[in-house]
Amino acid sequence: MPDNSEQHSRRMGRKKAVIDAAIAKADGDKGLLLVLTGNGKGKSSSAFGMVARTLGYGYKAGVAQFLKSRRDTGEERFLGDQPGVQWHVLGDGFTWDTQNRDADIATAQRGWAIAQSLLTDVSLHLVVLDELTYLLNYGYLDEAQVCKDLAARPPMQHVVITGRAAPDALLEMADTVSEIQDIKHAFRAGVRAQAGIDL
Ligand code: ATP
Ligand code: MG
């Protein structure tokens with residue numbers, strides 16, 4: 001049965017009181033650790049949306065992309081050129097073809113050294129560590145070291161980590177975790193990656 005308008009306005013009034021109380025209670029500030037994981041599309045693009053928001057306030061952002069198959073993405077073309085953005089592509093040395101594990105570990109560790117420079121830079125309001133989860137899952141990076149460096153970052157610095165199958169240690173230390181579910185993806189219907197949507 002649909003509400004009559006008096007019932008509806010009473011119900012909405014109660015809802016507003018609950019929401020207002022929750023908003024009034026959430027009055028703290030801190031640098032957040034966000035983890036965007038899951039098999040659905042939208043993890044990296046959400047992270048880049050937060051880079052755009054950050055720049056909108058005149059703050060600075062650092063982006064480290066740990067796995068990358070191409071250098072001509074829309075995000076790098078646009079955000080990589082903005083003043084206030086440091087853009088690092090750290091995955092170009094991975095040796096998928098030769099499967100040389102030692103070389104991959106060396107590439108990952110060189111990449112993490114750059115990430116450490118972002119995580120100790122107090123001028124950065126936001127740091128994005130895009131596709132970091134894979135390096136942890138392959139054992140290319142030491143999880144304890146990564147967690148230690150994340151914990152030691154400047155207290156007001158926000159960090160967004162993306163990638164499928166985020167390890168438990170990251171989920172535990174994160175303030176916000178979203179798991180994007182794969183319900184449908186156009187790729188499986190034979191549509192190739194579309195400029196501005198997928199890359
Ligand atoms: P996006 O960068 O679009 O936000 P993502 O970061 O969530 O995607 P990744 O696993 O990093 O996802 O994959 C990046 C690329 O793969 C994008 O082109 C994206 O559209 C595509 N993709 C993501 N999820 C799926 C999926 N479930 N099936 C097929 N392709 C996918
Ligand atoms: Mg991604």
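This passage describes the fold, the metal site and selected local features of a predicted model.

The model is predicted, so local features are restricted to pLDDT of at least 70 and side-chain atom pairs to pLDDT 80 or more, whereas totals for chains, interfaces and linings use all residues. Residues are numbered from 1 along each chain as its sequence is written, chains are lettered from A and ligands numbered from 1 in the order in which they are written, and side-chain values rest on heavy atoms, without hydrogens and water.

The chain holds seven helices and six strands. Helices (H or I, at least four residues) and strands (E, at least two) are DSSP runs, numbered from the N terminus. In sequence order the pattern is α-β-α-β-α-β-α-β-α-α-β-α-β. The C-alpha trace spans about 70 × 45 × 35 Å along its principal axes. Of the 199 residues, 36% count as buried. Buried means under 20% relative accessible area, exposed over 50%, and partly exposed in between (1.4 Å probe, protein chains only). Contact means heavy atoms within 4.5 Å. Among contacts between residues at least 6 apart in sequence, 78% join residues at least 24 apart.

The six strands form an open sheet with parallel pairing, in the order E3-E2-E4-E5-E1-E6. Strands E3 (85–89) and E6 (176–179) are the edges; each has a single partner strand, so one side of each lacks a neighbour in the sheet. Neighbouring strands are turned by 10 degrees against each other on average, direction ignored. Two strands pair if DSSP finds at least two bridges between them. Strand E2 (residues 60–65) and strand E4 (residues 124–130) pair in the parallel sense over six bridges. Within this pairing, Gly62 has Val127 of E4 as its bridge partner.

Two helices that pack on the sheet are described here. Helix H2 (residues 43–56) touches strands E1 (33–37), E2, E3, E4 and E5 (158–162), and its direction makes about 165 degrees with that of E4. Helix H4 (residues 101–119) touches E2, E3, E4 and E5, at about 160 degrees to the direction of E4. Axes are lines fitted to C-alpha atoms, for helices over the stretch in contact; angles run from 0 to 180 degrees between N-to-C directions.

At the edge, E3 pairs with E2 in the parallel sense over five bridges. Ala64 has His88 of E3 as its bridge partner. Side chains alternate along E3: Val85, Trp87 and Val89 point to one face and are buried, while Gln86 and His88 point to the other and are not. Trp87 is also in contact with Glu75. Glu75 lies in helix H3 (residues 74–79). With a relative accessible area of 19%, Glu75 is buried. Beyond four places in sequence, the other contacts of Glu75 are Phe48, Gln65, Gly80 and Leu199.

The magnesium ion (ligand 2) is coordinated by Ser44 (OG) and Glu131 (OE), at 2.1 Å. The two residues are 87 apart in the chain: Ser44 sits in helix H2, Glu131 in the loop between E4 and helix H5 (132–137). Donors are N, O and S atoms within 2.8 Å of the metal (3.2 Å for Na, K and Ca); water is not among the atoms, so sites may look incomplete. Ser44 is buried at 15% relative accessibility. Glu131 is buried too, at 16%. Glu131 has a positive phi of about 65 degrees although it is not a glycine. Ala165 likewise has a positive phi, near 50 degrees. Ala165 lies in the loop between E5 and H7, and is exposed at 51% relative accessibility.

Helix H6 (residues 143–151) has Val146, Cys147, Asp149 and Leu150 as its buried residues. Seen down the helix axis, they fall within an arc of 165 degrees, so they line one face of H6. The arc is that of the directions from the helix axis to the C-beta atoms. On the other side, Ala144, Lys148 and Ala151 are exposed. The cover over the buried residues of H6 includes E1, H4, E4, H5, E5 and helix H7 (168–173).

Four aromatic pairs are counted. Rings of Phe, Tyr and Trp (its six-membered ring) pair if their centres lie within 6.5 Å; planes under 30 degrees apart count as stacked, over 60 as edge-to-face and the rest as tilted. The rings of Tyr138 and Tyr140 have centres 5.4 Å apart and planes at 45 degrees, so this pair is tilted. Tyr138 is partly exposed at 40% relative accessibility, whereas Tyr140 is buried at 9%.
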